[in-house]
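Colleague: Could you take one part of this model and walk me through it closely? I'd love a connected account of the contacts there.

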Amino acid sequence: MTLATEQHTQSTSATFKNLQCKECGAEYEAKATHVCEVCFGPLEVSYDYDALRRQVTRESIAAGPNSIWRYRPFLPVMTDNPIDVGTGMTPLVKANRLARRLGIKNLYIKNDAVNMPTLSFKDRVVSVALTRAKELGFSTVSCASTGNLANSTAAIAAHAGLDCCVFIPADLEAGKVLGTLIYSPTVMAVQGNYDQVNRLCCEVANTHGWGFVNINLRPYYSEGSKTLGFEVAEQLGWKLPDHIVAPLASGSLFTKIYKGFQEFIKVGLVEDKTVRFSGAQADGCSPIAQAFREGRDFVKPVKPNTIAKSIAIGNPADGIYAIEVAKKTGGNIESVSDPEIIEGIKLLAETEGIFTETAGGTTIAVLKKLVEAGKIDPDETTVVYITGNGLKTQEAMQGYIGEPFTIEPKLDSFERALERSHTLDRLEWQQVLV
Ligand SMILES: Cc1ncc(COP(=O)(O)O)c(C=O)c1O
Ligand SMILES: [Zn+2]
């Protein structure tokens, strides 16, 4: 540990204490480590909630920056100068047209498709992880990624002046690959699926001394997702919703939104209530949904095969905790087919003007399925988390959307095309495209 790091760890303004095993409660110093040496359980950051209760008010939060760092006392960093690239405080949109289409009344979209700087919720977790990586003295950062995480890690490392090497499966969408390469990190495209990429990265993390945001820095990184809970509570006027729907890959995001709500209750920022947590997976990679359906409290790993590549994790690290959250809150975990995912992307675009990626299509399709099955009450205040941007997964939509009318630069050419467009109504388009 460097001298600078020791000074950081002695800072008195920090409200986080140490790392604690989620399974056996063993405590560890807040270093770059993620697995309990006693029972191999995952480590999580713990906080001094009495100090938080004394320090934090709705007003102190509202007076903070317009980014995730307004919640800094709830995040595992020491510094008063975190890496702030404007991440967070994304719109919470009242989705009236989508709600009407589905037959429910109080629906909101938390739109992280426009998060900064790389248009997914991963910018939250990476802003936190790289701030902590700097505090811990790392000069090279890395990750095992299904795409969005590589984009975020590369971009924010560039901003922070950190060296960066990311690992992705070789078959990712072009937008995800270009959206990483543009920041000039080293990119390793691994011939294998995400779970194989992750296994390789665990070995590299042990040998190279790099800060892997979702491996040895995972306890810090994952805390960033709590801000998706904090922001929704604040944007609803310091109230919790009745029901949330979010996508699941490793299951981390889902469990951390839950932790965020619980922390706000614990320190008295919102009233206590049970928020129902429902999760979304693609049929082609649904180990958590399968376990939930079969009433199992363990997850059987699967080999992913779906267009929803960003959430294609066959062996999810936090799967059992996601099941626990859904069960104890009275929620559900469902999966949908690839055609339903495409329909979900189109439905959100047509009704709300939001173009999401395949993970978002999965979430909207599961929302629809839950409403149709009567598992979402039409009167519940429901928040759907849209976590990524559709411009990055354009391949998925090839052949499923219309084409422009190519016309000559003449009025009569336009009029003829307009006539054709009137006769070719939406239903017909769909028949053409099926
Ligand atoms: C767009 C998007 N949504 C959701 C997730 C799920 O995240 P988690 O692994 O925390 O469940 C991912 C993971 O990569 C993602 O890229
Ligand atoms: Zn343990």
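Modeller: Happily! Ser-250 places a polar side-chain atom 2.7 Å from an oxygen atom of ligand 1, a polar contact in the sense of a pair of N or O atoms within 3.5 Å (inside the protein, one must be able to donate a hydrogen and the other to accept it, and residues adjacent in sequence count only if both atoms are side-chain atoms). This is a predicted model, where local features need pLDDT of at least 70 and side-chain atom pairs pLDDT 80 or more, while totals for chains, interfaces and linings use all residues. Residues are numbered from 1 along each chain as its sequence is written, chains are lettered from A and ligands numbered from 1 in the order written, and side-chain values use heavy atoms, without hydrogens and water.

Lys-122 also offers a polar side-chain atom, 3.3 Å from an oxygen atom of ligand 1, and Thr-387 has one 2.6 Å from a nitrogen atom of the ligand. The protein covers 97% of the 400 Å² of accessible area that ligand 1 has on its own (Shrake-Rupley method, 1.4 Å probe). Of the 16 residues around ligand 1, those that come nearest are Asn-148, Ala-249, Ser-250, Leu-253 and Thr-387; a residue belongs here if one of its heavy atoms lies within 4 Å. By class, this shell holds seven nonpolar, seven polar and two charged residues, with Gly counted as polar and Asp, Glu, Lys and Arg as charged.
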